[in-house]
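Me: Hi! Could you walk me through the structure below, one question at a time?

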Amino acid sequence: MTPKSEKLYSLAYLSEVIGDDTDVLNDLMKIFVDNTPNDLNDLNQAFQAGDLEKFAALAHKMKSSLATLRIDTLREIMLSIDKPYKAIEIKDQLPGIVAKINATLEVVFKQIKNDFKL
Amino acid sequence: MNTFKVFIVEDDPFYGEMLKYHVSLNPDYSVEKFQTGKEFLNNLHRNPSVVSLDYSLPDMSGLDVLKKINAYNPEIPVIIVSGQEDVSTAVNLLKEGAYDYFVKNEETKDRIWNSLNKIREKLNLEKEIDSLKEEIGRKYVFGNIIKGNSPGIKKIFSLIEKAIQTNITVSITGETGTGKDLVAKAIHYNSPKANFPFIAINVSAIPKELIESEMFGYEKGAFTGANTRKIGKFEEAGKGTIFLDEIGEMDHQMQVKLLRVLQEKELNRVGGNEVVKVQSRVIIATNRNLAEEVKKGHFRQDLYYRLLGLNINLPPLRDRGNDILLLAKYFIDEFSKENDLPRKNLSQHAQEKLMNYDFPGNVRELKAIMELAVVMANREAIEDNDISLTSATRSANFLLDEEDTLDGYTKKIIKHYLEKHDNNILEVAKKLDIGKSTIYRMLKNKEL
């Protein structure tokens with residue numbers, strides 16, 4: 001379990017892109033916590049159904065947002081599964097990878113909701 | 001300035017919103033975001049200035065969307081912003097006409113910003129070029145530029161009309177200062193070639209050892225100092241018009257080379273082997289009598305016939321009757337407007353002085369005379385003493401230039417008056433106090 005104090009995400013890059021407009025930052029973080037769980041849910045379902053094409057497409061879609069929020073623990077993982085052929089190559093490791101994604105994002109969602117009072 | 005409309009197509013709502021906000025930081029941009037290919041294509045008719053397109057969309061690939069944009073309007077620049085790091089995908093998209101391609105990473109914000117700025121700069125330049133072309137086109141509507149109502153100038157208008165309808169080579173002849181360059185421009189800017197370049201070369205102004213490289217270009221290393229390849233004026237003209245002014249001054253050796261280029265419709269740059277197609281129309285001008293130059297052996301006969309094409313022989317100003325006054329008034333108005341001076345009239349005496357002058361420098365000389373007259377005039381009207389003429393007046397010149405018989409002088413006088421009064425026979429008969437039937441008879445017998 002990640003220690004409570006360790007932030008799994010960073011706003012460093014996002015702040016470079018949007019500047020110091022806190023309203024925009026709040027809006028963006030709300031969009032992230034509203035939408036990414038749906039993508040994560042779809043990713044889980046695709047994995048359970050063995051649909052690696054859809055699974056890889058969802059990983060591909062999610063990786064840009066996760067990289068923007070500098071969720072570093074998932075950076076390499078998302079890159080390793082963003083194409084069907086890559087996912088097939090490491091098929092045996094996928095259950096562990098999916099669990100890691102779920103666990104990390106669960107913490108990230110909680111941290112963001114808490115930080116931004118969402 | 002028109003709104004620069006940026007459409008962002010991005011299926012990730014968070015990433016799309018972030019990009020939208022980032023791009024909107026430029027107050028000149030109006031930004032809209034679409035999450036699917038279909039939603040975007042339904043709005044394509046609203047003609048975005050530029051599209052930022054995610055390669056992987058839920059309902060179709062970026063490549064399909066790109067093709068649809070190109071089919072609708074290939075002028076819309078498309079920037080692909082993709083999570084793909086695959087070089088072959090990027091190459092393929094650029095081949096399909098994408099303006100730029102970059103991978104989503106931490107450089108995205110700067111790259112999209114720079115790319116959009118470059119596109120906007122390019123579009124603004126294109127608009128500027130279009131409006132300048134329009135302006136030039138308007139400027140060279142030949143009725144606006146070649147002023148006159150005399151029968152001689154009306155004939156010129158009719159020949160220009162014929163010249164603009166085809167790509168025939170045009171040779172413009174006439175004394176210095178008659179406006180040969182303006183006729184060349186009027187033909188180009190009113191022809192279907194108007195959107196291509198008009199390139200003028202003054203043959204007499206280029207040293208003979210440089211003219212070949214100037215006209216046909218050269219390759220790197222062709223001669224000492226040729227550090228880079230340079231394209232020549234023919235290539236620069238592309239599908240436009242090349243205007244060879246003062247062609248009569250062309251060196252004999254260069255005439256041979258020009259003839260070959262005109263016959264083959266292709267050229268080699270100096271020091272090169274690459275064959276370059278020549279697609280431009282050729283207009284030439286000279287104040288020499290080229291036929292005479294051919295007789296004297298100064299100008300190649302084969303080149304002469306190749307260049308003759310449609311001949312437009314501009315009349316000297318002294319043969320254009322009342323055009324002298326029309327042009328004088330035009331130059332007064334133009335000069336006064338340019339210099340914020342009150343508009344001045346021409347007194348009767350001043351008009352007579354102009355009408356009796358033979359203008360060896362033609363329209364160019366008249367322009368200079370009138371500009372000086374506007375400066376010199378102290379009153380509302382320009383008087384005859386405000387007009388400084390550089391050579392003797394016509395009354396002294398046109399009769400006494402060469403000895404003639406009394407009959408010859410009579411014909412010269414009648415001809416002169418006819419030109420001066422726009423062939424108005426009744427008026428000329430009245431002025432000279434002779435019977436109008438005398439003039440009719442002389443015209444019928446082709447004595448005038």
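Reply: Happy to. Keep in mind that this is a predicted model.

Me: How many salt bridges are counted between chain A and chain B?

Reply: The pair to look at is R70(A) and E106(B), whose side chains meet at 2.6 Å, N to O. That distance falls within the 4 Å allowed for a salt bridge. Between chain A and chain B the count is one salt bridge.

Me: Which elements give two or more residues to the side of chain A that touches chain B?

Reply: Beyond the salt bridge, eight residue pairs are in polar contact across the interface of chain A and chain B. On the side of chain A that touches chain B, the elements giving two or more residues are α1 (12–18), α2 (22–49) and α3 (52–68) of chain A.

Me: How much area do chain A and chain B bury between them?

Reply: The contact takes 22 residues from chain A and 18 residues from chain B. Carbon and sulfur atoms carry 62% of the buried area. The area that chain A and chain B bury between them is about 1,900 Å².

Me: Is S65(A) buried or exposed?

Reply: S65(A) sits in helix α3 of chain A. Leaving aside neighbours within four places in sequence, S65(A) is in contact with F32(A) and, from chain B, with D12(B), F14(B) and Y15(B). Its relative accessible area is 3%, and the limit for buried is under 20%, so S65(A) is buried.

Me: Where is K265(B), and what is its phi?

Reply: K265(B) lies in the loop between α11 (252–264) and β11 (266–268) of chain B. At 53% relative accessibility, K265(B) counts as exposed. Although K265(B) is not a glycine, its phi is positive, at about 55°.

Me: Is D433(B) buried or exposed?

Reply: D433(B) is found in the loop between α19 (425–432) and α20 (436–444) of chain B. D433(B) is a residue other than glycine with a positive phi, near 55°. Its relative accessibility is 69%, and exposed means over 50%, so D433(B) counts as exposed.

Me: How many residues apart are K110(A) and E106(A) in their helix?

Reply: Side chains of opposite charge can pair when their charged atoms come close. K110(A) forms a salt bridge with E106(A), with the closest N and O atoms 3.7 Å apart. K110(A) is exposed at 55%, whereas E106(A) is partly exposed at 47%. Both lie in helix α6 (residues 94–116) of chain A, about one turn of the helix and four residues apart.

Me: Which residue makes a salt bridge with R229(B), and is that partner buried or exposed?

Reply: The side chain of R229(B) meets E219(B) in a salt bridge at 3.0 Å, N to O. R229(B) and E219(B) are both in the loop between β8 (217–218) and β9 (230–231) of chain B, ten residues apart. R229(B) is partly exposed, with a relative accessible area of 45%. The partner, at 13%, is buried: E219(B).

Me: How far apart in sequence are the parts that R288(B) and E249(B) tie together?

Reply: The side chains of R288(B) and E249(B) meet in a salt bridge at 2.6 Å, N to O. R288(B) lies in the loop between β13 (281–286) and α12 (290–295) of chain B, and E249(B) in the loop between β10 (241–245) and α11 of chain B. The pair therefore ties together parts that are 39 residues apart.

Notes
Residues numbered from 1 in each chain as written. Chains lettered and ligands numbered in written order. Predicted model: local features only at pLDDT ≥ 70, side-chain atom pairs only at ≥ 80, totals over all residues. Heavy atoms only, no water. Contact = heavy atoms within 4.5 Å. Buried area = accessible area lost by both parts, 1.4 Å probe. Polar contact = N/O pair within 3.5 Å; in protein donor to acceptor, adjacent residues only side chain to side chain. Buried < 20%, exposed > 50% of the residue type's maximum accessible area, 1.4 Å probe, protein only.
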